[in-house]
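Here's a quick back-and-forth on how some structural labels get earned. Have a look at the model first, then read on.

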Amino acid sequence: MAQAPALPQGFELPLEPRLPRIGSVDAVALEERAASLAKRSIKKDAKLWALELAIRTTDLTTLEGADTPGKVAALASKAIRPDPSDPTVPSVAAVCVYPNLVPSAKERVAGTGIKIAAVATGFPSGQYPTPIKIADVRSAVELGADEIDMVIDRGAFLSGRYAKVYDEVVQTKEACGDAHLKVILETGELGTYDNVRRATLLAIAGGADFVKTSTGKINPAATLPVALCMLEAVRDVYEQTGRRIGFKAAGGIRQAKQAIQHLVLVHETLGPDWLTPDLYRLGASSLLNDILMQIRKQKTGVYQGPDYFTLD
Amino acid sequence: MTELQPIPDDWTYAPAPEGRDIVTLQPRYGLYVGGQWLEPSETYTTLAPRDEEPLAEIAQATEEDVDRAVTAARDAFANGWSSLPGSERAKYLFRIARILQERAREFAVLESLNGGKPIKESRDVDLPLAAAHFFYYAGWADKLEYAFPNRRPKPVGVAGQIIPWNFPLLMLAWKIAPALACGNTVVLKPAETTPLTALLFCDVLRQAELPPGVVNIITGDGRTGAALVDHAGVDKIAFTGSTDVGKLIQRRLAGTGKKLTLELGGKAANIVFDDCALDQAVEGIVNGIYFNQGHVCCAGSRLFAQESIYEPLVDKLKHRLTTLRVGDPLDKNTDVGAINSRMQLEKIEELVASGREEGAEIYQPPCRLPEKGYWFAPTVFTNVAQSYRIAQEEIFGPVLSVLTFRTPEEAVEKANNTPYGLSAGVWTEKGSRILWMAQRMRAGVVWANTFNRFDPTSPFGGYKESGFGREGGLHGLEPYLTFDE
């Protein structure tokens, strides 16, 4: 099992693979840049393209205590065919559920190529002993999850125990086996963009395939500046090591317009290569219907009421 | 239900042009003198730099026209404006500010059309700032006694104001707002290539019911400017423009007793230390030099990179340049617009050629420039020596020269080693270093971890050949006042 090498406090990052200097983030300028990108005017064909991509990259999510096999099956059906009246609308990338509901989701999407993502490692708080978190991951994988969305231990991170955070990512990655690992930073609890950047690099160093903003349980979640901050860290890793790390924005994205702003951010920070479900995901539940509504509007020129889109 | 549109293959942003219907241009403009439009004896054509489309015929004011304008201003000064209570003058300024906000979109479209700057800049920077200047100086109009206690401030008289083409309406606001707040009357000449927003501004003055003659706007080339500078009825000249013309004006005014403020060229240093927030510094560098196509007197045209981060910084900068969207100024997604005039384009081309010849390494991102109109790709020169012309002369275009330094002392020495001194930028996460640097920079404005940020409350102006006098803030009142000492 990989271990963080013993280094003085504050230097726990491993030397290999080489990572960018952690550096710092200027909050004012970061927010300004995010705000200026949010003003891009995406119209006509470009808008349709973005909306279609937003669906293809969606992790359709339900993470409630009240989730049942029936609820999850309905959601999975929606994931396969989001708009029954328009067969050209693609399926989403994945369905994201709690581990117990993985089999129900798995059964419904069988043969469609849609992935099943399970949250694990004591989601959403991560405040459990490491062995329990790892057992959580192993059982989710055994239940059939293709992707694991883990949470970092914010308690450890905020108290400066970066090695513990790193070590848990490493162990989770190992427990994942072939499953893809998304590491949730819960940026709303990290307090500063400097911390967001540090946590992003830490997660990547630990073996994350994706870095993800939030659980969706805490506000603020996937704000544009936070997304930009993480995308810039991903860009630094790519430029310096050639590793392509995926990015998932999740939490608080409810309108098609916000989704397009997030896609613009990726497009103009990492370039078109990242605009694929392999490297980009949008965590969403209520967002999907707004996107469907906008697609219908874009294609027909008129808006249709919410009753014409299914609630699942 | 209409036919389904196919999904396009890749994400090319569709054109998103701001509609120009909101602007109604007249085929021909006269001179705005004493609240009336005077028929010109001679005209020239003003163009849209994006495609050289002729927009309107503009008056070339003669010496007689200048005389009429100054006389109108003198009359308005004597017949009420100078003795109007400050609170009354403020009302007019507040009114102008509000009308500018109401008509912001119209002004923004016209500014981009006539000047070539991206609509997002005229919409988000020029117009809000122009209105803010009027609001700000409106607030001072009845408080001059408090601004200068026991000095009995009085208006100067008639101010002759000559403004440049890079921020046509904003420079007009910088000039007119403090002049009127202090009780002066004005004859203003906009730049030859960008007169249209100043002429549209006359309609704002009409709406605001400003008394006739308080503001007179005359158009024309350098001859008109010279006639205004030489006119005996003018008490104060305020000029923003090139250092060469500024020197000429100063020479002509010597011994006349006229007050003078000059805001001239610059060759600002943007100094990046290795402990800066790197991605944000790159944004600041881009904003510093490519904002308004580099047509900014305080543009950060010399980048000083600490050698320890030179490579990642330049790599990031070059990558960022590939994402800049150069094109139609009226498109809402355009980042870099058109060069203002053929003359300016030729000047940029000449200096860039000299940079190549002197041995600097040029980088321009791949971008397709429109065939018609005046265009220049964003450019970075590396391997630049302090002695090269591109490191010494003001280019006033989207061209950045990258130099390096090793220690803070060296950065200060190199940054100050220029005849100019308008602005400077410092990028570091270390607060104490920001203060240390700011004390040593011979520049009127020092920005820390930002660049090209303007605010009406903050004085702006230069050291050395960048001019003298301050505009903005409390300091900006002083050039428009005389005092009983």
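Q: What makes β2(A), helix α4 (residues 102-109) of chain A and β3(A) a right-handed β-α-β unit?
A: A crossover is right-handed if, with the strands pointing away from the viewer, the path from the first strand over the helix to the second runs clockwise. The path from β2(A) over α4(A) to β3(A) fits that, so the unit counts as right-handed. β1(A), helix α3 (residues 69-80) of chain A and β2(A) form a right-handed β-α-β unit too. Helices (H or I, at least four residues) and strands (E, at least two) are DSSP runs, numbered from the N terminus.

As for ground rules, this is a predicted model: local features need pLDDT of at least 70, side-chain atom pairs count only at pLDDT 80 or more, and totals for chains, interfaces and linings use all residues. Residues are numbered from 1 along each chain as its sequence is written, and chains are lettered from A and ligands numbered from 1 in the order in which they are written.

Q: How do you know that β2(A) and strand β3 (residues 115-120) of chain A pair?
A: Pairing takes at least two DSSP bridges between two strands. These two have four, in the parallel sense, so they pair. Val95(A), for one, has Ile116(A) as its bridge partner in β3(A).

Q: Why are both faces of strand β2 (residues 94-97) of chain A called covered?
A: Buried means 20 or more other C-beta atoms within 10 Å of the residue's own (exposed: 12 or fewer; partly exposed: in between), with C-beta atoms placed from the backbone. Ala94(A) and Cys96(A) on one side are buried, and so are Val95(A) and Val97(A) on the other.
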